[in-house]
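This report looks at the open and enclosed spaces of one protein chain, and then at the charged side chains that pair with one another.

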Amino acid sequence: MSKKGKGSSNLGRSLIKDRFGHANRKKVDNDTMLHTTEIQDGYDWGRLNLTSVTEESSFQDFLRTAELAGTEFQAEKLNITFINPKQGVGLLSKTQQQIIKKKHDDNRDLLKIPRRPKWTADTTAEELERAENESFLNWRRDLTLLQEEDEEMLMTPYEKNLEFWRQLWRVVERSDVVIQIVDARNPLLFRSDDLEKYVKEVDENKMNVILLNKSDLLTDQQRVYWADYFDKQGIRTAFFSAVLAAEELKLAAEAEKLNKVKVEDGIVTDEDALSMKEIKAAANEINQALDVCEEKLSQIEQKIYGDDKTEKATNGVTLRNNPKVLTRLELIEFLKTVYNGSTRTPNVTTVGLVGYPNVGKSSTINALMTQKKVSVSATPGKTKHFQTLYLDKDLLLCDCPGLVMPSFVLTKADMILNGILPIDQMRDHVPAVNLLCTRIPRHVLEDKYGIIIAKPMEGEDPTRCPHSEELLLAYGYNRGFMTSNGQPDQSRSARYVCKDYVNGKLLFAIAPPDVPQDEYHIFPERQRKQVDEKALPSQQQRAMRV
């Protein structure tokens with residue numbers, strides 16, 4: 001037995017020695033802890049890659065630069081920095097936020113959109129194109145210099161294709177009213193002050209309007225805050241929800257289809273027809289009474305608030321922004337009556353619609369037209385040219401391609417949560433989820449997803465926000481998103497959570513500058529009963545803490 005055991009042991013040593021013992025340690029020429037990596041390492045760096053890339057890590061950026069330069073590089077072994085996921089990676093302190101916001105306010109006038117050069121009937125097409133190219137190049141150069149002067153002033157990605165801006169110029173020139181469609185959860189991020197200035201530069205008689213889409217996500221009081229804010233800014237504002245309008249059209253179509261079936265089958269009796277007439281008559285009387293009440297309320301509010309919260313329209317009539325979410329027919333009536341000046345096309349008011357991708361511009365047009373006239377996509381560039389659509393004989397819509405205009409943001413995580421950067425191309429999920437956790441309280445996340453997030457450790461602040469790792473581990477375990485080694489898949493979970501935030505399932509709305517955020521957005525109380533972490537199964541407890 002001993003002899004057999006000894007032989008097997010020698011065999012094991014021989015195998016290990018044969019595999020590892022004679023392998024000399026690889027050394028480089030300078031006998032240092034440096035190793036050299038060449039570009040020509042067997043990987044086809046020049047392969048065709050048609051995938052759009054809006055964000056890449058510093059390492060990928062380094063490799064791409066080295067590839068373009070055709071050079072080699074050296075990397076130091078073991079030069080690795082481990083980041084504690086519980087340190088709030090990607091978040092700014094309150095002091096840093098205040099400093100950067102002040103810089104944004106000081107430099108906001110420099111955040112311009114490109115202007116179309118002046119031209120006359122004598123200007124040739126070649127001269128105009130040359131002037132446009134030169135003006136556009138100077139505009140891009142100015143924005144690049146603005147970012148290089150201070151790296152803390154982070155700017156959103158903006159449209160760098162001149163053809164898209166040419167479409168905007170044509171829409172502004174043709175329109176009597178230019179409407180910026182913005183996301184009601186963060187209107188100021190998607191609003192371009194310089195676009196409003198440019199509209200007035202083209203023609204002083206043109207009118208600027210802001211349409212807050214997705215207004216159904218706001219409460220009545222939140223809409224009042226924004227209506228008052230834009231009153232003080234002196235700009236007309238309307239609140240709308242393309243989703244509610246589409247649902248309203250769908251219900252109306254189903255009801256009409258049902259009534260048609262009843263009539264064809266002879267089910268409708270005289271009593272039913274009479275009751276339908278009575279209901280319609282009563283509804284008309286109620287609408288008339290409501291109109292009278294609204295007019296009286298407006299007069300009372302005018303006497304109470306005075307002129308400080310009012311806006312004078314072009315015809316001298318004093319108006320205030322109405323915080324009500326307009327229906328489809330009410331929005332059409334608003335578009336017909338908002339402008340009373342001279343029109344570019346006789347007896348036809350041309351309304352230009354401008355907005356970022358993802359704010360619901362195409363959905364708004366389709367809801368107004370009662371059928372799909374514009375293809376809907378979250379990707380910039382879906383609409384290549386502006387389109388004109390007659391909504392009525394005296395109302396013409398002019399749809400501009402979705403444009404990403406330059407705007408200031410605090411961090412890249414902010415751009416991801418606002419839908420500016422594609423979530424599926426997100427390289428680092430930790431900053432975005434950390435920012436989400438600071439905005440959405442722990443109990444709201446637990447109630448929404450039916451999960452239990454790990455509580456702070458002993459010695460930590462018991463009221464602190466959860467870290468990205470804590471939320472994603474709980475979410476991944478609950479949904480069954482597991483990696484090959486049996487741990488919850490945090491990267492996959494992060495994409496689902498961020499998309500829920502962008503789509504409004506996890507709701508957070510930014511307050512106007514003159515309203516405290518804590519007063520503006522109030523979260524609901526906890527709905528589910530708290531569960532002690534120790535009462536959970538041991539497997540779940542292990543999964544909640546890596």
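A pocket here is an open set of grid points with protein on both sides within 12 Å along at least five of seven lines, and a residue counts as lining when one of its atoms is within 4 Å of a point. The model is predicted.

**The largest pocket**

The largest pocket has a volume of about 1800 Å³. Its lining is made up of 49 residues, and those nearest the centre are Lys101, Leu410, Asp414, Ile510 and Ala511. Several elements supply two or more residues to this lining, namely helix 3, helix 6 (187–190), helix 7, helix 8 (220–233), strand 13 (408–409), helix 14 (430–439) and helix 18 (517–520). Of these elements, helix 3 gives the most, with six residues. By residue class, the lining of the largest pocket divides into 24 nonpolar, 13 polar and twelve charged residues.

**Enclosed cavities**

Besides open space there is enclosed space, and three cavities of 30 Å³ or more are counted. The largest cavity holds about 160 Å³ of space. It is lined by 16 residues, with Asp183, Arg185, Leu417, Asn418 and Tyr501 lying nearest its centre. Two elements give two or more residues to that lining, helix 13 (412–417) and helix 17 (490–502). The lining of the largest cavity consists of seven nonpolar, four polar and five charged residues.

The second largest cavity contains about 60 Å³ of space. Its lining is formed by Glu446, Ile451, Ile452, Lys455, Arg526, Arg528, Lys529, Gln530 and Val531, a set that divides into three nonpolar, one polar and five charged residues.

**Salt bridges**

How many salt bridges does the structure hold? There are 23 salt bridges, and three of the pairs are set out below with the distance between their closest N and O atoms.

| Pair | N to O distance |
|---|---|
| Arg115 and Glu201 | 3.1 Å |
| Asp193 and Arg191 | 3.3 Å |
| Asp399 and Lys361 | 2.8 Å |

The salt bridge between Arg115 and Glu201 links distant parts of the chain, since Arg115 sits in the loop between helix 3 (94–106) and helix 4 (125–149), while Glu201 belongs to helix 7 (residues 193–202), 86 residues apart. Glu201 has a relative accessibility of 45% and therefore counts as partly exposed, given that this class lies between the limits of 20% and 50%.

In the pair formed by Asp193 and Arg191, the two partners fall into separate accessibility classes: Asp193 is partly exposed, with a relative accessibility of 35%, whereas Arg191 is buried, with a relative accessible area of 12%.

Where do Asp399 and Lys361 lie along the chain? Asp399 is in strand 12 (residues 395–399) and Lys361 in helix 12 (residues 361–369), so their salt bridge ties together parts that are 38 residues apart in sequence. Both Asp399 and Lys361 are buried.

Some salt bridges share partners, and through such sharing Arg116, Glu132, Glu163, Arg166 and Glu173 are joined into one network.

Note on methods
Residues are numbered from 1 along each chain as its sequence is written. This is a predicted model: local features need pLDDT of at least 70, side-chain atom pairs count only at pLDDT 80 or more; totals for chains, interfaces and linings use all residues. Side-chain values use heavy atoms; hydrogens and water are left out. On a 1 Å grid over the protein atoms alone, a cavity is a set of points where a 1.4 Å probe fits but cannot get out, and a pocket is an open set with protein on both sides within 12 Å along at least five of seven lines; lining residues have an atom within 4 Å of a point. Grid points are joined across faces, edges and corners, and a volume is the space filled by probe spheres set on the points. Helices (H or I, at least four residues) and strands (E, at least two) are DSSP runs, numbered from the N terminus. Ala, Val, Leu, Ile, Met, Phe, Trp, Tyr, Cys and Pro count as nonpolar, Asp, Glu, Lys and Arg as charged, and the others, Gly among them, as polar. A salt bridge is a side-chain nitrogen of Lys or Arg within 4 Å of a carboxyl oxygen of Asp or Glu. Buried means under 20% relative accessible area, exposed over 50%, partly exposed in between (1.4 Å probe, protein chains only).
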